[in-house]
Amino acid sequence: MNGASREALAAARERLDALTDSTSVDAVKLADELAAVTALLDREVSLRRVLTDPAQPGEAKAELVGRILSGRVGGETVDLVSGMVRSRWSRSRDLVDAVEQLADVADLVAAERDGSLDDVEDELFRFSRTLASSTELRAALGGKGTDEVLRNAKTELLRRLLGGRARPATERLIVRLVLQPRGRTLEGGLEALSGLAAERRNRSVAVVTTAVPLSDGQKQRLGAALARLYGREIHLNLDVDPAVLGGVRVRIGDEVINGTIADRLDEANRRMAG
């Protein structure tokens, strides 16, 4: 998102944080209702265009939200979405993306409350690694189409993969991503969810690839070094890949720190070829 949409999303996130600071708010219910609003706005193109039309008064758009959503979702959800449509959006699609992000954050709030946020982070990462290693699984879960048969097949596959093995928040997040990808790749969606989980704990995620598993001491030293370098806590997602031969590769967002033997050999080969 850029410009006005980024500011509108930041304001919506602040309102969500203020709302969920109250433990009386059911974060799981809020997440489900925001996901339902996401599906509605994704489906109804003309509606989201009206709700993001800068020529329309903000109060008029908020009143329209109230008429459409009242009785279908709770008052907290109506208030959140009403506040969002009062803001200015660069693109109508950005409003849908923002409501979807609020749904994901609400599920992460629920995980934070029950003390499972760390587990959810790890489970999202492990699922992304499983997905990356299996062409068949990517094809089965990434199949396009909205017919009921395909949806039921994906739901059953996810039930077998996650049922009883993952935290409830992890399962909800992954199921929603798979069944409502909205043009996202599964890999990209999982990375975005991991980023939101890390942000919830005010820290960044480093994907660390090594040829062999790191010891506890090595993990602590690497985490401390990265924290000093970036000035904030860094959560390590560890991946073992024998192809790197030795050393370590660290990716934080778009930044990659290469220190593997394989990378050094590749660089040497490029220089020789040049």
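Let me start with the side chain of T38, which in this predicted model reaches the backbone oxygen of L34 at a distance of 2.9 Å. T38 sits in helix α2, the helix that spans residues 27-43, and with a relative accessibility of 1% this threonine counts as buried, since the cut-off for that label is under 20%. If we leave aside residues up to four places away in sequence, the residues that T38 touches are V96, V99, E100 and R182.

Two of those neighbours, E100 and R182, will come back in a moment, because I would like to turn to the salt bridges, of which a search of the whole structure finds 22.

One of them pairs R129 with D239, where the closest N and O atoms are 3.0 Å apart. Here R129 belongs to helix α7, covering residues 117-132, while D239 belongs to strand β2, covering residues 234-240, and so this pair ties together parts of the chain that are 110 residues apart in sequence. As for how the two partners are placed with respect to the surface, R129 is partly exposed, having a relative accessible area of 33%, whereas D239, at 18% relative accessibility, counts as buried.

Next, consider two salt bridges that are each formed within a single helix. In helix α9, which runs over residues 148-162, E156 and R159 lie 3 residues apart, about one turn of the helix, and the closest N and O atoms of their salt bridge are separated by 2.7 Å. Both of these residues fall into the partly exposed class, E156 with a relative accessibility of 31% and R159 with a relative accessible area of 48%.

In helix α12, made up of residues 216-230, the spacing is again 3 residues, about one turn of the helix, this time between D216 and K219, whose side chains meet in a salt bridge with an N to O distance of 3.3 Å. K219 is partly exposed at 27% relative accessibility, while D216, at 53%, counts as exposed, because the cut-off for that class is over 50%.

Beyond these pairs there is also a network, in which salt bridges that share partners join D42, R93, D97, E100, R182 and R184. That brings me back to where I began, since E100 and R182, as members of this network, are also among the residues that the buried T38 touches.

Note on methods:
Residues numbered from 1 in each chain as written. Predicted model: local features only at pLDDT ≥ 70, side-chain atom pairs only at ≥ 80, totals over all residues. Heavy atoms only, no water. Helix = DSSP H or I, 4+ residues; strand = E, 2+ residues; numbered from the N terminus. Buried < 20%, exposed > 50% of the residue type's maximum accessible area, 1.4 Å probe, protein only. Polar contact = N/O pair within 3.5 Å; in protein donor to acceptor, adjacent residues only side chain to side chain. Contact = heavy atoms within 4.5 Å. Salt bridge = Lys/Arg side-chain N within 4 Å of Asp/Glu carboxyl O.
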